[in-house]
Amino acid sequence: YTMGELKLTGNCLKGTRPILSFDENFNTNPHYVLLKELFTQIFGVPNQHPKSKPFYDHVYTFSVLDNRIWFRNYQILTEDGGLAEIGPRFVLNPVKIFAGSFGGETLWDNRYYVSPAKYRQEIKKKAGGKYINRVEQKMALEANKPEVSYSLNPLDEIFKGEPLEKAKELEKTEKEADKNGESEEKSIIDPFEQKSALEIKKLEQRAIKNFQKIAKKKAAAKNTSGAKVTKKKRLTKNKAK
């Protein structure tokens, strides 16, 4: 409600008769028809009552919304239908209708009614399941999280701010990158650059000698394997004879 609605600027005289206004639902549903008769007997003032005044200056409205009965009290300002709320206002939530005054056979039961104890239990269950909901939300975020995010262009920030300052910052970053590249190249030193030409020749001669030794060993191994094969063939021929 707004503050303008809660001011309730209407007013009425004491002892005047009210007009009872009912919603269309009070004529269609049987339990609302019974409640309409009950409200007319409670709030209605008989005609020519000795303590009542012979005119109307306010209206009692009964409307059904969200399976509840909403009561409002309005002052009649003009004959055209101008109204101003007087108050009080309240909401009725019917639970059951019995055949007797406070007992007997149940004629009607409100299936939408929730008792306060059950409502508190539901609130406690929701409060207890907050941790489970958080864990489920984290799992859902991890499952739906994309592997690759949006590819941003680094040049988009060039036009933000002053262009001269941005240009200077880019020059500094390029110079730092060049310096880092030169330092990395200097750190990688070839071992042959520090040695003289004579030492390099000696190393080459040693490598050639080692290669020649390995080649001779391989040739000798081949010759010995061939001689063994010929000896085996001769022995097999002699046995056959």
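Two strands pair when DSSP finds at least two bridges between them. By that rule β3 and β4 qualify, with 3 antiparallel bridges in this predicted model.

**View 1. The β3–β4 hairpin, with Gly81 in its turn.** Here β3 (residues 68-76) meets β4 (residues 83-85). A stretch of 6 residues sits between the two strands, and Gly81 in that turn has a positive phi of about 115°. For a landmark on the ladder, look for Tyr74, which stands opposite Glu85 in β4.

**View 2. The other partners of β3: β2 and β5.** β2 (53-65) runs antiparallel to β3, and the pairing covers 8 bridges. Val59 is set opposite Tyr74 of β3. The β2–β3 hairpin has 2 residues between its strands, and Asp66 in the turn carries a positive phi of about 60°. β3 also pairs with β5 (residues 90-92), again in the antiparallel sense, over 3 bridges. In that pairing, Ile69 has Leu92 of β5 as its bridge partner. As a rule, side chains in a regular strand alternate between the two faces of the sheet.

**View 3. A salt-bridge network of Arg72, Glu85 and Arg89.** A search of the whole structure turns up 2 salt bridges, and Glu85 takes part in one with Arg72, where the closest N and O atoms are 3.9 Å apart. That pair ties together distant parts of the chain, with Glu85 in β4 and Arg72 in β3, 13 residues apart. Glu85 also meets Arg89 in a salt bridge, at 2.6 Å from N to O. In general, oppositely charged side chains can pair when their charged atoms come close. So is Glu85 buried or exposed? It counts as buried because its relative accessibility is 13%, which is under the 20% cut-off. Arg72 is buried as well. Arg89, at 23%, is partly exposed, because its value falls between the 20% and 50% limits.

**View 4. Asn110 and its surroundings.** Asn110 lies in the loop between β7 (106-109) and α4 (116-128). With a relative accessible area of 7%, Asn110 is buried. What does its side chain reach at 2.8 Å? That would be the backbone oxygen of Pro94. A polar contact also joins the side chains of Asn110 and Asn93, at 3.5 Å. If you skip neighbours within four places in sequence, Asn110 is in contact with Asn67, Asn93, Pro94 and Val95.

**View 5. His49 in the loop between α3 and β2.** His49 sits after α3 (30-43) and before β2 (53-65). Its relative accessible area of 34% makes His49 partly exposed. Gly15 is 34 residues away from His49 in sequence, but the two C-alpha atoms are 9.8 Å apart in space.

**View 6. A nonpolar surface patch that includes Ile132.** Tyr131, Ile132, Val135 and Met139 make up this patch of about 440 Å². Ile132 belongs to helix α5 (residues 130-144).

**View 7. Zooming out to the whole chain.** The protein has 7 helices and 7 strands, and they follow the pattern α-β-α-α-β-β-β-β-β-β-α-α-α-α along the sequence. Of the 241 residues, 13% are buried. About 21,400 Å² is exposed, with carbon and sulfur atoms supplying 56% of that area. Among contacts with a separation of 6 or more, 46% come from residues 24 or more positions apart.

Note on methods:
Residues are numbered from 1 along each chain as its sequence is written. This is a predicted model: local features need pLDDT of at least 70, side-chain atom pairs count only at pLDDT 80 or more; totals for chains, interfaces and linings use all residues. Side-chain values use heavy atoms; hydrogens and water are left out. Helices (H or I, at least four residues) and strands (E, at least two) are DSSP runs, numbered from the N terminus. Buried means under 20% relative accessible area, exposed over 50%, partly exposed in between (1.4 Å probe, protein chains only). Patches are made of residues with over 30% relative accessible area and no salt bridge: like charges are joined within 9 Å, nonpolar side chains (Val, Leu, Ile, Met, Phe, Trp, Tyr) within 5 Å. Accessible areas come from the Shrake-Rupley method with a 1.4 Å probe; for residues, only the protein chains shown count as cover. A salt bridge is a side-chain nitrogen of Lys or Arg within 4 Å of a carboxyl oxygen of Asp or Glu. A polar contact is a pair of N or O atoms within 3.5 Å; within protein, one must be able to donate a hydrogen and the other to accept it, and residues adjacent in sequence count only if both atoms are side-chain atoms. Contact means heavy atoms within 4.5 Å.
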